[in-house]
Amino acid sequence: MARGKIQIKRIENQTNRQVTYSKRRNGLFKKAHELTVLCDARVSIIMFSSSNKLHEFISPNTTTKEIIDLYQTVSDVDVWSAHYERMQETKRKLLETNRNLRTQIKYLFPRLGECLDELDIQELRSLEEEMENTFKLVRERKFKSLGNQIETTKKKNKSQQDIQKNLIHELELRAEDPHYGLVDNGGDYDSVLGYQLRFHQNHHHHYPNHALHAASASDIITFHLLE
């Protein structure tokens, strides 16, 4: 059965469009190869897909540049002129960049104390002014950094002083209450309070004629941080 004639128009479906492109591209390259072999022709094909992917065919024993050069000779068209102009523009920009870099280097070496003999009086004055401004900026940043460090240190000291005051106040409150912190731990003397009570009991056992000093508040203070 003969195939129906395909209407030549853009294929809307992207998948079908890509498949058709691939098949017809291969067919085109096959025909170009046949022309090269059968007719001893020099053929060059350059193709870009809709996604800008490059596909090309070139006859054996030749290059794309040779084909383009031959095209210029036969058709009297300068294909490379636009490219040459772009290259010249790129060269001009590179030369300008090079000059700017050389100028920066020229002013960099005097800052290191070298090549000062090549500078005139105006350039030396400009360099001196620039150095003074730089020193001023460095001093300002240094003083600002020192000020921030001093302020941070003051805040840390203030915080430590507040902590110390709170601890002293807590100890004073515990000293006023002799029963503060006394708990029955079932014989567990791992805490500081248990250790102190055991010390007083042993002292009373070995020295019965001496009292326990009435278990003053200062003898049984329990430090909360050490429990």
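# Close-up views

**View 1. E12 is exposed, with a relative accessible area of 61%.** The value lies over the 50% cut-off, so E12 belongs to the exposed class. The structure shown here and in the following views is a predicted model. The side chain of E12 forms a salt bridge with R10, in which the closest N and O atoms are 3.2 Å apart. R10 is likewise classed as exposed, because its relative accessibility of 54% is over 50%. R10 also appears in the lining of the largest pocket, the subject of View 3.

**View 2. The chain as a whole contains five helices and two strands.** From the start of the sequence to its end, these elements follow the order α-β-β-α-α-α-α. The chain has 227 residues, of which 12% count as buried. Seven salt bridges are present in the structure. Those shown in close-up include the pair formed by E12 and R10, the pair formed by K65 and D69, and the pair formed by E89 and R92.

**View 3. The largest pocket has a volume of about 260 Å³.** Its lining consists of I6, Q7, I8, K9, R10, I11, R17, T20, Y21 and R24. Sorted by class, four of these lining residues are nonpolar, two are polar and four are charged. R17, one of the lining residues, reappears in View 4 for its distance to S50 in the loop between the strands.

**View 4. S50 and R17 are 33 residues apart in sequence, and their C-alpha atoms are 9.5 Å apart in space.** S50 is placed in the loop that runs between strand 1 (44-48) and strand 2 (54-58). With a relative accessibility of 67%, which is over 50%, S50 is therefore counted as exposed. R17, the other member of the pair, is part of the lining of the largest pocket.

**View 5. D40 and N61 have positive phi values, although neither is a glycine.** The phi angle of D40 is near 55°. D40 is found in the loop between helix 1 (14-39) and strand 1. D40 is exposed, because its relative accessibility of 70% is over the 50% cut-off. For N61, phi is about 65°. N61 lies in the loop that joins strand 2 to helix 2. Its relative accessibility is 84%, so N61 is exposed as well.

**View 6. K65 and D69 form a salt bridge within helix 2.** The closest N and O atoms of K65 and D69 are 2.9 Å apart. The two residues are four positions apart in the helix, a separation of about one turn. D69 has a relative accessible area of 25%; this value falls between the 20% and 50% cut-offs, and D69 is therefore partly exposed.

**View 7. E89, R92 and E96 are linked in a network of salt bridges.** Within this network, the closest N and O atoms of E89 and R92 are 2.6 Å apart. E89 and R92 are separated by about one helical turn, because they are three residues apart in helix 3. E89 is partly exposed, with a relative accessibility of 33%. R92 is also partly exposed, at 44% relative accessibility. Both values lie between 20% and 50%, so neither E89 nor R92 counts as buried or as exposed.

**View 8. Y71, V77, V79 and W80 form a nonpolar patch on the surface.** Together, the four residues have about 340 Å² of accessible area. W80 is located in the loop between helix 2 (64-75) and helix 3 (81-111). At 33%, the relative accessible area of W80 lies between 20% and 50%, so W80 counts as partly exposed. Because this value is also over the 30% required of patch members, W80 meets the accessibility condition for the patch.

Terms used
Residues are numbered from 1 along each chain as its sequence is written. This is a predicted model: local features need pLDDT of at least 70, side-chain atom pairs count only at pLDDT 80 or more; totals for chains, interfaces and linings use all residues. Side-chain values use heavy atoms; hydrogens and water are left out. Patches are made of residues with over 30% relative accessible area and no salt bridge: like charges are joined within 9 Å, nonpolar side chains (Val, Leu, Ile, Met, Phe, Trp, Tyr) within 5 Å. Accessible areas come from the Shrake-Rupley method with a 1.4 Å probe; for residues, only the protein chains shown count as cover. Buried means under 20% relative accessible area, exposed over 50%, partly exposed in between (1.4 Å probe, protein chains only). On a 1 Å grid over the protein atoms alone, a cavity is a set of points where a 1.4 Å probe fits but cannot get out, and a pocket is an open set with protein on both sides within 12 Å along at least five of seven lines; lining residues have an atom within 4 Å of a point. Grid points are joined across faces, edges and corners, and a volume is the space filled by probe spheres set on the points. Ala, Val, Leu, Ile, Met, Phe, Trp, Tyr, Cys and Pro count as nonpolar, Asp, Glu, Lys and Arg as charged, and the others, Gly among them, as polar.
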